[in-house]
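Biologist: Could you walk me through one part of this model up close? I'd like to hear about a helix, what it packs against, and the sheet beside it.

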Amino acid sequence: MHIPARRRPEFDEARYYEYPEHLRAALADMPAAPGVYTFHGEEGDLPLYIGKSINLRNRLLAHLRTPDEARMLRQTRRISHIRTAGEIGALLLEAKLIKELHPLFNQKLRRSRQLCALRMNGDRPEVVYAKDIQFATESGLYGLFNSHRAAQEGLRKLADQHKLCYGALGLEKLPPGKACFRAMLHQCAGVCRGDESPNAHRQRLCTALLDLQIATWPYPGTVGLVERFTPERNESALPPHANDVQIHVLRHWCYLGSVSKPEEASALDCVAAGFDADGYKILCKPLLSGRSEIILL
């Protein structure tokens with residue numbers, strides 16, 4: 001059996017792992033607190049990897065002991081960090097920095113230029129794009145997908161789960177008067193052969209889409225989410241830090257930055273660049289649950 005190059009023994013990075021002694025000093029002032037960290041390479045202080053944790057010290061200790069990351073550790077020359085008040089701030093800042101700096105070893109959280117969703121157009125869903133409409137304020141949108149193809153695959157998955165007809169959804173063309181193949185296998189409820197009415201099929205589709213519905217921005221404008229640092233149990237007390245209390249400035253599910261006082265928010269650009277899928281996923285629960293401290297800005 002052919003072994004891919006990345007799995008051949010001579011390409012196994014873990015075989016050449018040595019504890020990165022040159023990075024030990026970087027942990028000397030690393031706090032047991034939430035924040036974002038960056039592994040920097042030699043050439044132009046290039047960011048190699050950006051990560052986040054609710055305990056920076058423990059997370060970085062784990063990195064340095066991981067043989068599978070030997071290649072990155074050998075290239076790293078220094079490690080920097082930014083404290084945050086809590087996990088939400090760390091998640092938001094990590095996503096923002098990755099999009100801005102494009103670290104070599106980060107593959108996720110990069111901005112999708114084809115971000116799209118599904119929207120009902122008559123009896124069928126259509127694919128719409130964030131570059132054309134404002135996802136934060138447009139109602140009746142379902143699912144967040146990185147491409148048209150991903151949206152079509154998401155719709156197929158939904159059809160398989162709920163016995164919806166590929167033909168009725170526009171996923172495949174059916175000859176006039178012919179039922180789809182999936183109906184014969186009882187994988188489609190049979191709207192294509194008259195077993196159910198088009199209206200019943202549409203109602204089942206709309207019900208199935210509800211689980212994918214995108215929530216519209218629930219505020220009239222810009223808000224601040226207040227987050228306060230809470231030390232972990234069994235951790236020694238940390239000295240006060242400027243970021244122990246942060247106000248995360250948000251608009252249309254986009255993170256605009258963090259400040260320590262409400263009046264400082266005016267210095268930020270309070271016009272969201274566009275709908276941010278990562279910001280939406282991070283903020284949906286804390287904003288919609290009603291448990292977070294929110295101030296209008």
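Modeller: Sure, and keep in mind that this is a predicted model. Let's start with two helices, H3 (residues 87-101) and H8 (residues 277-288): their axes come within 10 Å and cross at roughly 170°. An angle over 145 degrees counts as roughly antiparallel, so H3 and H8 are roughly antiparallel to each other. Who does the touching? On the H3 side you'll find Ile88, Leu91, Leu92, Ala95 and Lys99, and they meet Asp278, Ile282, Leu283 and Pro286 of H8. Sort the residues of this contact by type and you get seven nonpolar, two charged and no polar ones.

Now for the sheet. It's an open one with four strands, in the order E9-E8-E7-E10, and the pairing is antiparallel. In general, strands of a sheet pair through backbone hydrogen bonds. At the edges sit strand E9 (254-259) and strand E10 (293-296), each of which pairs on one side only. The sheet has some twist to it: on average, neighbouring strands are turned by 30° against each other, ignoring direction.

Zoom in on one pair, strand E8 (residues 245-251) and E9: they run antiparallel and are joined by five bridges. For instance, Ile247 has Val259 in E9 as its bridge partner. And here's where the helix comes back in: H8 packs on this sheet, touching strand E7 (223-228), E8 and E10. The direction of H8 makes about 85° with that of E7. To put the pieces together, H8 is in contact with H3 and also packs on the sheet.

Conventions. Residues numbered from 1 in each chain as written. Predicted model: local features only at pLDDT ≥ 70, side-chain atom pairs only at ≥ 80, totals over all residues. Heavy atoms only, no water. Axes fitted to C-alpha atoms, helices over the stretch in contact; angles between N-to-C directions. Parallel < 35°, antiparallel > 145°, perpendicular 65-115°, else oblique. Contact = heavy atoms within 4.5 Å. Nonpolar A, V, L, I, M, F, W, Y, C, P; charged D, E, K, R; others polar. Pairing = 2+ DSSP bridges.
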